[in-house]
Amino acid sequence: MVDAAPPAPESAWEYAPAPESREIVSIAPGYGLFINGEFTPAADGKHFTTLNPATEEPLAEVAEAGERDVDRAVAAARTAFERTWGPMPGTDRAKYLYRIARAIQERAREFAVLESLDNGKPIKESRDVDVPLAAAHFFYHAGWADKLEHAGFGPQPRPLGVAGQVIPWNFPLLMAAWKLAPALAAGNTCVLKPAETTPLTALLLAEVIQQAGLPPGTVNILTGDGATGQALVSHPGVDKIAFTGSTEVGKEILRAVAGTGRKLTLELGGKAANVVFDDAPLDQAVEGIVNGIFFNQGHVCCAGSRLLVQESVADMVLDRLKRRLGTLRLGDPLDKNTDIGAINSRQQLDKIEQLTAAGEAEGAQRWSPPCLLPTAGYWFPPTVFSGVSQSHRIAREEIFGPVLSVLTFRTPEEAVAKANNTPYGLSAGVWTDKGSRILWMTQRLRAGVVWANTYNRFDPASPFGGYRESGFGREGGRHGLAAYIDG
Ligand code: TAP
């Protein structure tokens, strides 16, 4: 008889710190607004501080755009639309987009470090996901710029004019790329407002845009808070509005735009179901569950925040999931070993704490792996709630944090009914061995994107967007371009 090997001691595998150097990026003490190809202070001289959420250390002072700045930026975008970028042949627009894509690649480390500093996300995510995907969006759309006549938009597709674009803080550079690349490829000019807590990579992108030599006014970047966003989306000189953010603000914008004839796309919140059947490859499914909700600290609109697991395998999946969560490393976002970074702001941390407290109060069982939280900065441990019922707030409301609600089901019909029991409709995941069941499920799930045996896969060629309270319109692919073309 051979003795079984003794189990490895719990702490056998320690990782030495592997911090990425922040020397690659030089952060200026202050930044202006990017209007008409130049950096300029806000007209009324206002500015705000952007922080590193992992340490609460101030990173820079950033100009806060007011109504006069929005006027200036929209006027510059209008002039560029009429005189330079709008009339430019698609073959030339393509060259500028390629240049931006190449410059993002060349400065990838700088972008990644800056994104992790300003947002709190782990460097391995900004380095391997955000920055390469942002470059890919510009490459992809460069390819479209001279082929629009052949894309089924009619013989002479026309751009809409000036696009006003407002983006959130969860993927600051990537969301800027999602908004700018299709708009520019189609011949529109842009005024973009990044989120207040994460303005720095958009401002670095403004430098890249200068470096690429785009005609002044083609892209304008206005930093500021919600009031700046509101002034932009309600400006009469804006022909098209593209918004990504909360459902609440999306509804406000919808009301303001109704009846004006201006075009609008809204990419809002979600409460996606990640459905695991008993025939699924369970170890892969566990990786997919982890990626679905703990990627980017759960600050993802399409996060798989509701795990629906077939009752016969629920205990097994939960055990394996807990074991896997015990191996995640939370801490310094610039450390290449880090899996879970900082929560982006005090306000978001408060919201997560409030909703998780409601989960406990309503009777769900809360679990987190043993995990030391840093003393400074905004942190929340990976958290799993079991015993969740459909009426619990944690099963209905978007938490936008590293918090998973686990529900069970017995039949495919019950899985579909529970998955669709949400006002949102952005995304879903299905884990099963059977192709026919994947097709059966995708026909019934009311979600804009359904991933099968994978999760959180993004590609510039693939349209992304939702319906119902998750908004309307698509970003990416030919569908995303259509939102920037007249007709
Ligand atoms: P929002 O308030 O919706 O912010 C998104 C963007 O809109 C930001 O640039 C924001 O500016 C701006 N904004 C705020 N009020 C506006 C208004 N009245 N008119 C025009 N623009 C306005 O989201 P948030 O405060 O960052 O997060 C709140 C919740 O929204 C989160 O907890 C999460 O549930 C959800 N959220 C969803 C998504 C996605 S991708 N669906 C992304 C982020 C947040 P400032 O941020 O500078 O104030």
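A polar contact is a pair of N or O atoms within 3.5 Å; within protein, one must be able to donate a hydrogen and the other to accept it. In this predicted model, one such pair joins a polar atom of the side chain of Arg78 to the backbone oxygen of Gly237, at 2.9 Å.

**Arg78**

Arg78 belongs to helix H1, which runs over residues 67–83. With a relative accessibility of 24%, Arg78 is classed as partly exposed. When residues up to four places away in sequence are not counted, Arg78 touches Gly161, Val162, Thr189, Gly237 and Asp239. Gly237 thus appears both in that list and as the partner in the polar contact. Between the C-alpha atoms of Arg78 and Ser246 the separation is 28 Å in space, with their positions 168 residues apart in sequence. Ser246 is also one of the residues that come nearest to the ligand.

**The ligand and its surroundings**

There are 28 residues around the ligand, and those that come nearest are Trp169, Glu196, Ser246, Leu268 and Glu398. Which elements each supply at least two residues of the shell around the ligand? They are helix H7 (226–233), strand E9 (240–244), helix H8 (247–257) and helix H11 (346–361).

Polar side-chain atoms of three residues are listed below with their distances to atoms of the ligand.

| Residue | Ligand atom | Distance |
|---|---|---|
| Lys193 | oxygen | 3.0 Å |
| Glu252 | nitrogen | 2.9 Å |
| Gln348 | oxygen | 3.0 Å |

Taken alone, the ligand exposes 860 Å², and the protein buries 88% of that area. The space that the ligand takes up is the largest pocket.

**Gln297**

Gln297 is found in the loop between helix H9 (282–294) and strand E12 (306–310). Is Gln297 buried or exposed? Gln297 counts as buried because its relative accessibility is 0%, and the cut-off for buried is under 20%.

The side chain of Gln297 makes two polar contacts with backbone atoms. A polar atom of this side chain lies 2.7 Å from the backbone nitrogen of Gly341, and the side chain of Gln297 also reaches the backbone oxygen of Ala342, at 3.4 Å. Leaving aside neighbours within four places in sequence, the contacts of Gln297 include Asp339, Ile340, Gly341, Ala342 and Ile343. Gly120, Lys121 and Pro122 are also among them, as are Gly401 and Pro402.

The backbone of Gln297 has a phi near 55°, a positive value in a residue other than glycine. Most residues other than glycine have a negative phi.

**Arg468**

Arg468 has a positive phi of about 55° as well, although it is not a glycine. Arg468 sits in the loop between strand E17 (449–452) and strand E18 (471–472). Whereas Gln297 is buried, Arg468 is partly exposed, at 35% relative accessibility.

**Lys124**

Lys124 is placed in helix H4, residues 123–145. At 25% relative accessibility, Lys124 is partly exposed. Its contacts, leaving aside neighbours within four places in sequence, are Val129, Lys336, Asn337, Thr338 and Asp339. Asp339 is likewise among the contacts of Gln297. How far apart in space are Lys124 and Thr260? From C-alpha to C-alpha they are 43 Å apart, and in sequence they are 136 residues apart.

**Leu173**

Leu173 lies in helix H5, which covers residues 172–185. Leu173 has a relative accessible area of 2% and is therefore buried. Not counting residues up to four places away in sequence, Leu173 touches Phe111, Glu115, Val131, Ala134, Thr201 and Leu205. The C-alpha atoms of Leu173 and His235 are separated by 24 Å, and the two residues are 62 residues apart along the chain.

**Ser386**

Ser386 is part of strand E14, residues 383–386. Its relative accessible area is 17%, so Ser386 is buried; the cut-off is under 20%. Apart from neighbours within four places in sequence, Ser386 is in contact with Leu318, Ala364, Gln365 and Val406.

Notes:
Residues numbered from 1 in each chain as written. Predicted model: local features only at pLDDT ≥ 70, side-chain atom pairs only at ≥ 80, totals over all residues. Heavy atoms only, no water. Helix = DSSP H or I, 4+ residues; strand = E, 2+ residues; numbered from the N terminus. Buried < 20%, exposed > 50% of the residue type's maximum accessible area, 1.4 Å probe, protein only. Contact = heavy atoms within 4.5 Å. Near = heavy atom within 4 Å. Areas by Shrake-Rupley, 256 points an atom, 1.4 Å probe, with all protein chains shown as cover. 1 Å grid on protein atoms, 1.4 Å probe; cavity = no way out; pocket = protein on both sides within 12 Å on 5 of 7 lines; lining within 4 Å. Sits in = over half its atoms within 2 Å of the grid points.
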